Amino acid sequence: MSAVAKLGDHVIKNGQLIPSDQAVVPVALREVQYGFQTYESLRVLHGEVVHLEDHLERLRHSCDGIKLVPPCSYEDIGAWVHLLIESDHIGDATMKIQVYGGPEAMCFVMAAPLLSYPERYYRDGVKAITYHGERLLPTCKTGNLLLQYMALEEAKRQGGFEAILVDRKGDALEGTRSNFYAFHDGKLFTAPDEEVLGGVTRSRVLKACKKLGIEVVFRSPKESELDAGYYDEAFISATSMAAMPVTQINKVHLPGNRKRTLAICKMVRDWELTDN
């Protein structure tokens, strides 16, 4: 009797279910060498995909933004996500859709253990640093991740969890893998949509703010303001983390009690189970 397939046993490539160790890309392919690629990361909870249609729509936006034509329809990709869940009996997982463009376009759907973080990160908050650099095509989720890699490694060297990218104007735009928000005088400041990656989770954060009566100001916090202690509470958001408190930026400790952030986080997590 053959063993029952489990999380990580298979990957889907262009609709075909293959063993994970066969999921490779040709290194000589120009599109691979140039990082002509888009991707999405999703959460699967109890066998159900969280906000699948929203992720597929953002994938479409990213592909359109860099003129990448997938080898299939977006409906096909959604079906392949469900196929992998069924074939590998997936309950909870982090799932990734990865699309390479070009004449030999490829789409991979793969799954890994669900990415989660220690409860103390939410209770005590995490440290972030600022890092000077600007993403290419910031509204698209592409495979051009060198800047994010360098910034995050620097954050780790300084004992931090995330790096906040600062542009040439001194605006603190977003994290290497997250959106960024900071409170001042009861108002929440965050970058304008056209300057950052529009997150599936970001849309839920803004929805939560509306329900909680929090005024949102679409103006990026300045690095100089962060260093001067202008903000009393900050957080980052992403699919894997919902809304995570940031209690230190560079050498500045933020005095806020994190209640607003945690209220937003709870709403975002609750919607993962009900808002599909």
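**Helix packing, cysteines and loops**

C63 is tucked away in this predicted model: its relative accessible area is 0%, so it counts as buried. The structure as a whole has zero disulfides. C63 is thus in no disulfide, and its nearest cysteine sulfur belongs to C107, 8.5 Å away. What about C72, and how far is its sulfur from the closest cysteine sulfur? Again the partner in question is C107, here at 4.6 Å, which is too far for a bond. A disulfide would need the two sulfur atoms within 2.5 Å. C72 is buried too, with a relative accessible area of 16%.

C63 also turns up in a helix pairing, that of α2 with α3. Helix α2 covers residues 52–65, and its axis comes within 10 Å of the axis of α3, the two crossing at roughly 135°. That angle makes α2 oblique to α3, since the label roughly antiparallel is kept for angles over 145 degrees. The crossing of α2 past α3 is right-handed. On the α2 side, the contact is made by L52, L56, L59, R60 and C63. On the α3 side, Y74, E75, I77, G78, V81 and H82 take part. Sorted by class, the contact of α2 with α3 comes out as seven nonpolar, two polar and two charged residues.

Staying with α3, this helix is also home to L83. Is L83 buried, partly exposed or exposed? Its relative accessibility is 34%, so L83 counts as partly exposed. Along the chain, L83 sits 68 residues from G15, yet the C-alpha atoms of the pair are 9.1 Å apart in space.

Moving on from α3 (74–87), the loop that runs between this helix and β5 (93–100) contains H89. H89 has a relative accessibility of 56% and therefore counts as exposed. Which residues does H89 contact, once its neighbours within four places in sequence are left aside? The answer is V4 and A5. Another residue paired with H89 by distance is S20: the two are 69 residues apart along the chain, and 15 Å separates their C-alpha atoms.

A second helix pairing involves α6 (residues 200–212) and α8 (residues 259–274). These helices pack at an angle of about 120°, and their axes are 9 Å apart. Why are they called oblique? Angles of 65 to 115 degrees would be roughly perpendicular and those over 145 roughly antiparallel, and α6 and α8 are therefore oblique to each other. Their crossing is right-handed. From α6, the residues involved are T201, R204, V205, K207, A208, C209, K211 and L212. These meet A263, I264, M267, V268 and W271 in α8. By class, the contact of α6 with α8 holds nine nonpolar, one polar and three charged residues.

V205 is worth a separate look. It lies in helix α6, and because its relative accessibility is 0%, V205 counts as buried. Leaving out residues up to four places away in sequence, V205 touches Y181, F235, S237, I264 and V268. Two of these, I264 and V268, are in α8 and belong to the helix contact just described. As for Y181, it is 24 residues from V205 in sequence, with 9.9 Å between their C-alpha atoms.

Finally, the backbone has a couple of spots to check. Most residues other than glycine have a negative phi. L137, although not a glycine, has a positive phi of about 50°. Where is L137 found? It belongs to the loop between β7 (126–132) and α5 (146–157). With a relative accessible area of 40%, L137 is partly exposed.

D185 likewise is a residue other than glycine with a positive phi, in this case near 55°. The loop that holds D185 connects β10 (179–184) and β11 (187–190). At 65% relative accessibility, D185 counts as exposed.

Note on methods. Residues are numbered from 1 along each chain as its sequence is written. This is a predicted model: local features need pLDDT of at least 70, side-chain atom pairs count only at pLDDT 80 or more; totals for chains, interfaces and linings use all residues. Side-chain values use heavy atoms; hydrogens and water are left out. Axes are lines fitted to C-alpha atoms, for helices over the stretch in contact, and angles run from 0 to 180 degrees between N-to-C directions. Helices (H or I, at least four residues) and strands (E, at least two) are DSSP runs, numbered from the N terminus. Angles under 35 degrees count as roughly parallel, over 145 as roughly antiparallel, 65 to 115 as roughly perpendicular and the rest as oblique. A crossing is left-handed if the near helix is turned anticlockwise from the far one by less than a right angle, and right-handed if clockwise. Contact means heavy atoms within 4.5 Å. Ala, Val, Leu, Ile, Met, Phe, Trp, Tyr, Cys and Pro count as nonpolar, Asp, Glu, Lys and Arg as charged, and the others, Gly among them, as polar. Buried means under 20% relative accessible area, exposed over 50%, partly exposed in between (1.4 Å probe, protein chains only).
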